[in-house]
Amino acid sequence: MNDSTASIPRQGLGPAASLVPSPGVLSRWWEGLRSRPSRLNLALQGGGAHGAFTWGVLDALLEDPRLQFEGLSGSSAGAMNAVVLADGWLKGGREGARRGLGDFWTEVGRQLPAGMVTQGESDAIDLAPASKLLASWAGYFSPSQINPFDLNPLRALLERTVDFDRLRAASPFKLFIGATHAGSGKLRVFRENELSVEVLLASACLPRIHHAVQIDGEPYWDGGYSANPAVFPLFYHCDARDVLLVLLSPLKREGTPRTLEEIEARIAELAFSAHFMREMRMFAQATAFARPSFLTRGRLERRLRQMRFHMIDSNDLPSLQRTDTKLLAYGPFLERLREQGRERAVAWLSGDAADIGRRSTLNVNERFG
């Protein structure tokens, strides 16, 4: 008797009949299987204030009892979302995770004074001209000049929000937090038992604004430079075969940048997405190479064929098309992104989520191959 039928109740009058379950029993057994929570890994992209879109996505996912999470991978804002979600879940389950994310992003939205923001026609929210000028100056001065005391409001916020001691000891999920070694450019993936304020600050350390974060005597910068986010830990270290990519950067831009501002913005965007694009292309090519044959029966080939990818992205959302709004840590703007993230996630849940555990809903070869 194999495992797939061992738990099906038997009905009948004789020995032969007892081996054949009735149609009603089969139906109830199949519905029970379908109603079980689906295990899912999350790959959360970073993008400064744009991470509030991911807040909205996670808020909707947490409302759905069909979903269970195993591994969460993120860099920069994606790392913040992953750790705050895990900390909130540890304190109060799904609702605790939703509260934790809401409290965190509400506090982030208070970081930028209203005087540094403008609100134009159609309720368009933007950085004030003086704010943009200050941001542009960051390209001409080092952190020791513009931020000599290495002030970072995120430090105090994270210390108030996250119980790192408890999370290191009993994280409800596998966590993979990316940071870039400033000396070698290598990615370092920190696990849940290594978490600290410094790890999260390192994962979100923009070297034009903040000093490199020292961990074990080594300097680290934003994880987006080497993985935004890292997907391979979800492949190698998680049992769940489904990975949901939550993306903040567009996979493709129409038109060629012309002005200096457009070129600089696109260069910065590419710097934070190139490694992710290359990693996903590797998955596409490796999966194609591992198609079933008598020569490809190893564990790696089987696992590659079992991988299922899904995606929620921010494509075509005007509020996320400009890179300078990544600095727009302003409450009303973040709330708008949250609502847009929720809308995208609710649409995904009503459609593609039913295929978790069955098939990919993202054509990885078409998008990344």
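Are F276 and F368 buried or exposed? In this predicted model, F276 is buried and F368 is buried too. The two residues come back below, together with the other ring pairs. First, the charged contacts.

Scanning the whole structure turns up 23 salt bridges. One of them stays inside a single helix: D87 and K91 pair up through their side chains, with an N to O distance of 2.8 Å. Both residues belong to helix α4, which covers residues 77-108, and they sit four residues apart, or about one turn of the helix. The two partners differ in how much they are covered. D87 has a relative accessible area of 3%, so it counts as buried, the limit being under 20%. K91, on the other hand, comes out at 47% and is classed as partly exposed.

A second bridge, between E198 and R155, also has its N and O 2.8 Å apart. Here the contact joins distant parts of the chain, as E198 is in helix α9 (residues 197-203) and R155 is in helix α7 (residues 153-161), with their positions 43 residues apart in the numbering. E198 is partly exposed, at 27% relative accessibility. R155 falls in that class as well, with a value of 32%.

Then there is the bridge from D355 to R358, where the closest N and O atoms are 3.2 Å apart. This one pairs a buried acid with an exposed base: D355 has 9% relative accessibility, whereas R358 reaches 62% and is exposed.

Salt bridges also join up into something bigger than a pair. D59, E63, E95, R98, R338, E339 and R342 are all tied into one network of such contacts. One of its members, R338, has a further partner of another kind: the charged end of R338 sits over the ring of W55, 5.3 Å from the ring centre.

On to the aromatic residues. The structure holds 11 aromatic pairs. In one of them, the ring centres of W89 and F173 are 5.1 Å apart and the planes meet at 75°, so this is an edge-to-face pair. W89 is part of helix α4, while F173 is in the loop between α8 (164-170) and β5 (174-181), so the contact ties together parts that lie 84 residues apart in sequence. Both W89 and F173 are buried. Helix α4 therefore carries the W89 ring of this pair as well as the D87 and K91 bridge.

The opening pair, F276 and F368, is edge-to-face too, because its planes stand at 90°, with the centres 5.7 Å apart. This contact again links distant parts of the chain: F276 comes from helix α11 (residues 260-289) and F368 from helix α14 (residues 364-368), 92 residues away. As noted at the start, F276 and F368 are both buried.

Aromatic rings also gather in a group, with F235, Y236, F283 and F309 forming one cluster. Y236 turns up a second time at the surface, where F232, Y236 and L300 make a nonpolar patch of about 300 Å². F232 is in helix α10, residues 232-237, and is partly exposed with a relative accessibility of 33%.

What about the backbone? Most residues other than glycine have a negative phi, and most peptide bonds are trans. A few spots here go the other way. The peptide bond from N228 to P229 is cis, its omega being near -5°. P229 is in the loop between β8 (218-222) and α10, the helix that also holds F232.

Two residues that are not glycine have a positive phi: S76, near 55°, and D316, at about 70°. Each is in a loop. S76 is in the one between β2 (67-75) and α4, and D316 is in the one between β10 (308-313) and α13 (331-350). Their surroundings contrast, though. S76 is buried, at 11% relative accessibility, whereas D316 is exposed, with a relative accessible area of 60%.

Conventions: Residues numbered from 1 in each chain as written. Predicted model: local features only at pLDDT ≥ 70, side-chain atom pairs only at ≥ 80, totals over all residues. Heavy atoms only, no water. Patch = residues over 30% accessible without salt bridge, like charges linked within 9 Å, V, L, I, M, F, W, Y side chains within 5 Å. Areas by Shrake-Rupley, 256 points an atom, 1.4 Å probe, with all protein chains shown as cover. Salt bridge = Lys/Arg side-chain N within 4 Å of Asp/Glu carboxyl O. Helix = DSSP H or I, 4+ residues; strand = E, 2+ residues; numbered from the N terminus. Buried < 20%, exposed > 50% of the residue type's maximum accessible area, 1.4 Å probe, protein only. Phe/Tyr/Trp six-rings, centres within 6.5 Å; stacked < 30°, edge-to-face > 60°. Lys NZ or Arg CZ within 6 Å of the ring centre and 35° of its normal.
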